[in-house]
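Here are a few notes to read alongside the model. Take them one at a time and keep the picture open while you do.

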Amino acid sequence: MIFEILFFLSAGALIYSYALYPWLLSRLAKGKPENTDVWNPEDRLPMVFIVLSAYNEEKVIAEKIESVLNSTYPADRIRLVIGSDNSSDHTDDIIRKYAAEDNRILFKPFSGRNGKSMVLNEMIAQLQKDVNEWNTSILVLTDANVFFTQETLYQLVKHFKNASIGQVAANILNKGMRHDGISFQEQAYIQRENKIKYHEGILWGSMMGAFGACHAIRTQCWKTIPRGYLMEDFYLSMNVLSMGYKAIKEMKAVCYEDVSNEMSEELKRKTRIQAGNFQNLSSYRKLLFRFNAVSFCFLSHKVIRWFGPLLIILSLVSNFFLMDKHWFYHLTFWLQCIFMLSPFLDGLLKKAGIHLRLLRFVSYFYAMNYALIKGMLMYLRGVKSNVWSPTQRNVS
């Protein structure tokens, strides 16, 4: 009886978080209206500070800058603030060239590697001192390899007319798709996350974490990121919710990003993300005990998944001790074993030039949960640094 309870609880929790919870949200959100208390394009729009930290981004930084400056958002209400985290390529030269031609660009080169969070902290602290209308401004935090459309800024900022909204996330779309890696699987994951977060925002204003690629927050919701934190985007998102503001996703605020294609690169990134997840769980665990929409979404969407590797192991072990009870447990045990071997099988087939998309989806799921175990151990050992090199993307 104990093993049956453990098996159904562990397997059921995984099925709930990955399948039933998204389905439930989609049903509840059907027909629900979006926020309509928005600024119109002809209104006096707030000042926007687009802030990013760059490290060795010479391949993309020019396109990034141009995508920001070509916005339909009023030109006199835009400031692009770039910190270069001791880049060793031509990133700094490219930024200086643009800054010399356009006084809306504020550039600060840093000496030594500081990490994204510390660069953001220092640049925003300086803005708080220097900007007269800081309290009525909007911060847009973004990455160098994420490109805006002309409407991105307006679609993000329009919602802040509603005083209850503290954060608006962009809709990240992917390009650079290839069949020889995991780009289709990563794209499917991101698009599914976009929908889940959109529905959470529509229903309760409790979107569980904006993608760090691009999101906007009220300057009043900015909070200095603790030293050594790896997931500053989720830290800031949860701070917005802890302050009582709503967090939503605007699907019309489109950004384009080259998706990761190499499994090894994505494993490193997911490991780092998981370590950061547990840092944030430590900081915001009290939100789980408010017993409201935020608690519900936090547990259902995030916390269960963060403990997913342990649930997978518990499901397999308990299933093993149930094999003699019924043929159903024989079937589920061997299916779990086969699924867990999928990354090795997929790797062998890939070497032979065979790419089975369905197999790679299963392989992707288990490989990413392996990365979550590594990230959990990384957190338990203590995060030594939040400095890393950007994930390699499909950038030519």
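1. A word to get straight before anything else: two residues are in contact when they have heavy atoms within 4.5 Å. With that in hand, look at the contacts in the chain with a separation of 6 or more: residues 24 or more positions apart account for 82% of them. Bear in mind that this is a predicted model.

2. What is the chain built from? Its secondary structure comes to 13 helices and eight strands. The radius of gyration is 22 Å, close to the 21 Å that the globule rule gives for 396 residues, so the chain is as compact as a globular protein of that length. If you boxed up the C-alpha atoms along the principal axes, you'd need roughly 75 × 45 × 40 Å.

3. Now for inside and outside. Of the chain's 396 residues, 55% count as buried. The chain still exposes about 18,200 Å², and carbon and sulfur atoms supply 60% of that.

4. On to charges: the chain has 46 positive and 35 negative ones. Take the mean position of each set, and the two points lie 7 Å apart.

5. One residue to click on is Asp233, which you'll find in helix H7, residues 232-242. Is Asp233 buried or exposed? It's buried, yet it has no salt bridge. A salt bridge would need a side-chain nitrogen of Lys or Arg within 4 Å of a carboxyl oxygen, and the nearest side chain of opposite charge, Lys116, is 6.0 Å away from Asp233.

6. So what does Asp233 touch? Leaving out residues up to four places away in sequence, Asp233 touches Ala210, Phe211, Gly212 and His215.

Key: Residues numbered from 1 in each chain as written. Predicted model: local features only at pLDDT ≥ 70, side-chain atom pairs only at ≥ 80, totals over all residues. Heavy atoms only, no water. Helix = DSSP H or I, 4+ residues; strand = E, 2+ residues; numbered from the N terminus. Rg over C-alpha atoms; globule rule 2.2 N^0.38 Å. Buried < 20%, exposed > 50% of the residue type's maximum accessible area, 1.4 Å probe, protein only. Areas by Shrake-Rupley, 256 points an atom, 1.4 Å probe, with all protein chains shown as cover. Lys, Arg positive; Asp, Glu negative; His and termini not counted. Charge placed at Lys NZ, Arg CZ, Asp CG, Glu CD.
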